Amino acid sequence: ITYALEIIAPSEDNNINIYLDEGTYSPSLTGETYPINTISNVNLIGAGEELTILDAEQTDRVITIEYSENIFISNLSIINGYAFNESYPDDCAGGIFISFSNNIIIENVTLMYNDAFYAGAGISLLNNVNPSYFNNISISNNYVEYFGAGISMENSSPIISNSIINDNIGDGIFMAYGSSPIISNTTIVNNIYDGVWGGYGGGIF
């Protein structure tokens, strides 16, 4: 996956799809290196949540999205990410880190067994001007030391629909610094601590 991202040249007028066949993409099985640093105007499309698995094997975060736009991730699972680094924001998001990015769509994705020290073991959002869109995602059995085992958002307001955030060790959703997500038809249950916690000026609709 990393190699494919290095050799393509997408543009706003030419989005490129990377189709991931069924299988487990991990350091030990396929030599995949993590994190996968995505670039603008690229779509990562798996064969299904139970068929295409991005497994970082606790070596690093699974996916990093920074200063990017127009990215679509779908039909895969993200597991065993790890973000216990010594500096912020490298200690955020074992699963997916989205920062200073626009029009990020994540659909039909499972995030499990991801760990982070701070802010969002499953997904962490930081300073995203336009909303990200999460539809039909499952976030479960992730662990965070501080703030949001499922999703953490700071100065970001994603739109979350048709999803489940459950059985995470930490808050289901943490939001801060003006974050105002729109959440619909979504189950948030059985998370340790709060289901949804808004601190430092976060809101919810």
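Trainee: Which residue stands opposite Ala-116 in E14?

Mentor: Val-144 does. Before we go on, remember that this is a predicted model, where local features need pLDDT of at least 70, side-chain atom pairs count only at pLDDT 80 or more, and totals for chains, interfaces and linings use all residues. Residues are numbered from 1 along each chain as its sequence is written, and side-chain values use heavy atoms, with hydrogens and water left out.

Trainee: What makes E11 and E14 a pair?

Mentor: Strands are DSSP runs (E, at least two residues; helices are H or I runs of at least four), numbered from the N terminus. Two strands pair if DSSP finds at least two bridges between them. Strand E11 (residues 115–118) and E14 are joined by three bridges, so they pair, and they run parallel. One further bridge partner to look up is Tyr-143 in E14, which goes with Asp-115.

Trainee: How many bridges link E8 and E11?

Mentor: Two, in the parallel sense. Here Tyr-82 stands opposite Asp-115 in E11. Asp-115 thus has Tyr-82 facing it from E8 and Tyr-143 as its partner in E14.

Trainee: Why are E8 and E14 called edge strands?

Mentor: The open sheet has three strands in the order E8-E11-E14, with parallel pairing. Strand E8 (82–83) and strand E14 (143–146) each pair on one side only, and that puts them at the edges.

Trainee: Which strands does E6 pair with?

Mentor: E3 joins strand E6 (residues 63–66) through two bridges, and E6 joins strand E9 (residues 96–99) through four. Both pairings are parallel. You can follow a path of residues across them: Asn-37 stands opposite Thr-64 in E6, and Thr-64 stands opposite Phe-97 in E9.

Trainee: Why is Ile-39 called partly exposed?

Mentor: Buried means under 20% relative accessible area and exposed means over 50%, with partly exposed in between (1.4 Å probe, protein chains only). Ile-39 has 28%, so it belongs to the partly exposed class. You will find Ile-39 in the loop between strand E3 (36–37) and strand E4 (42–45).

Trainee: Which residues is Ile-39 in contact with?

Mentor: Contact means heavy atoms within 4.5 Å. Leaving aside neighbours within four places in sequence, the partners of Ile-39 are Leu-5, Ile-8, Pro-10, Ser-68 and Ile-71. Ile-39 also lies 9.0 Å from Asn-70, C-alpha to C-alpha, though the two are 31 residues apart in sequence.

Trainee: What makes Gln-58 and Tyr-113 worth a look?

Mentor: Most residues other than glycine have a negative phi, and most peptide bonds are trans. Gln-58 is not a glycine, yet its phi is positive, about 65°. Tyr-113 also has a positive phi, near 60°. Gln-58 sits in the loop between strand E5 (52–55) and E6, and Tyr-113 in the loop between strand E10 (102–112) and E11. Gln-58 has a relative accessible area of 33%, so it is partly exposed; Tyr-113, with 42%, is partly exposed too.

Trainee: Where is the cis peptide bond?

Mentor: Between Tyr-34 and Pro-35, with omega about 5°. Pro-35 lies in the loop between strand E2 (23–25) and E3.

Trainee: What makes a set of residues a nonpolar core?

Mentor: Its members are buried Ala, Val, Leu, Ile, Met, Phe, Trp, Tyr and Cys residues joined through side-chain atoms within 4.5 Å. The largest one here has 36 residues, and Leu-54, Ile-123 and Ile-151 have the most contacts inside it. Apart from it lies another core of nine residues, including Phe-97 and Tyr-118.

Trainee: How do you know that the chain's radius of gyration agrees with a compact globule?

Mentor: The radius is taken over C-alpha atoms, and the globule rule is 2.2 Å times the number of residues to the power 0.38. For 205 residues that gives a value near 17 Å; the chain has 15 Å, so the two agree. The C-alpha atoms fill a box of roughly 40 × 35 × 35 Å along the principal axes, and buried residues make up 51% of the chain. As for its elements, the chain has one helix and 21 strands.
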